[in-house]
Amino acid sequence: MDTELDVFDRKILDLVQKDCQLNAEVIAEAVGLSASAVQRRLRRMRQDKTISAEVAVVNPQAVGHTMSFLAGLEIKDNYEALPRIRLWAQTEPAVQQVYYVTGSFDIMMVVVARDVKAYDALAARLMAEVPQVVRMTTHVVIDAMKVGLYVPLE
C-alpha cells in the first residue's frame, strides 16, 4: 500500500465504504470523473489492498446471534501465546475482531453468540487450546450503540 491517494481516490473510498455496490457511473458522477477512470482507480486500490475486502454486513440478531461479548484476555508468555491466539481466532467464526492492546488486558476480542452457553463453550475451547490465557474477563453487550468499520478520510 505505497500508493498515494489523491482527492479523487479519497472521494471514491468515502462512497464505496458506505455502499460497495455503487456502480462506476454513479461514483463517477459524484466525484467528477469518467466511469472508466473510476473503474481503473477501484481496480488499483483493490490490487494494492487499500480496499482489503468488500462484504455484506449481516445483522447478527437476524440470524440468531442474539448476544455480543467483549472479552479481555490476560496472557503469559506473550510471544508464544500471540501466534496461537491468532491461529485460534481465525478458526472461530463467532470471533469478529481481535486486538493486541496495552492496558489491563493483553488481548481484546469481539464475539457474537446465540446465547451465554455458546459463548461459554467458545471460551472453554480457547482456554483449552491456548494455555497461556491466564484470565478471561467478559463484558456482555447490552446495546450496540454504534458498530462499523468506516475509516474517516479527511
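**Exercise 1. In what order do the four strands form the open sheet, and in which sense do they pair?**

*Basis.* The model is predicted: local features need pLDDT of at least 70, side-chain atom pairs count only at pLDDT 80 or more, and totals for chains, interfaces and linings use all residues. Residues are numbered from 1 along each chain as its sequence is written, and side-chain values use heavy atoms, with hydrogens and water left out.

*Step 1.* Identify the elements: helices (H or I, at least four residues) and strands (E, at least two) are DSSP runs, numbered from the N terminus. Two strands pair if DSSP finds at least two bridges between them.

*Step 2.* Read the order. The open sheet runs β2-β3-β1-β4, with antiparallel pairing.

*Step 3.* Find the edges. β2 and β4 (133–140) each have a single partner strand, so one side of each is left without a neighbour in the sheet.

*Step 4.* Consider the twist. Direction ignored, neighbouring strands are turned by 20° against each other on average. Axes here are lines fitted to C-alpha atoms, for helices over the stretch in contact, and angles run from 0 to 180 degrees between N-to-C directions.

**Exercise 2. Describe the bridges of β3 and the helices that pack on the sheet.**

*Step 1.* The antiparallel strands β1 and β3 are joined by seven bridges. L73 has I107 in β3 as its bridge partner.

*Step 2.* Between β2 and β3, five bridges make an antiparallel pair. Opposite Y99 stands M108 in β3. Six residues lie between the strands of this hairpin, where G103 takes a positive phi near 110°.

*Step 3.* Contact means heavy atoms within 4.5 Å. α4 packs on the sheet and touches β1, β2, β3 and β4, its direction making about 165° with that of β2. Helix α5 (residues 116–129) also packs on the sheet, touching β1, β2, β3 and β4, and its direction makes about 160° with that of β4.

**Exercise 3. Describe the largest pocket and the second largest pocket.**

*Step 1.* State the terms. On a 1 Å grid over the protein atoms alone, a pocket is an open set of points where a 1.4 Å probe fits, with protein on both sides within 12 Å along at least five of seven lines; lining residues have an atom within 4 Å of a point. Grid points are joined across faces, edges and corners, and a volume is the space filled by probe spheres set on the points.

*Step 2.* The largest pocket holds about 1600 Å³ of space. Among its 42 lining residues, V55, V57, V147, G148 and L149 lie nearest its centre. The largest share of this lining, four residues, comes from α1.

*Step 3.* Sort that lining by class: 23 residues are nonpolar, 12 polar and seven charged. Ala, Val, Leu, Ile, Met, Phe, Trp, Tyr, Cys and Pro count as nonpolar, Asp, Glu, Lys and Arg as charged, and the others, Gly among them, as polar.

*Step 4.* The second largest pocket holds about 160 Å³. Its lining includes L82, I85, Y99 and I107. α4 gives the most to this lining, with five residues. By class, the lining has seven nonpolar residues, one polar and one charged.

**Exercise 4. Locate D77 and K49, and give the phi of each.**

*Step 1.* D77 is in the loop between β1 and α4, and its phi is near 55°, a positive value in a residue other than glycine.

*Step 2.* K49 lies in the loop between α3 (35–47) and β1, with a positive phi near 70°.
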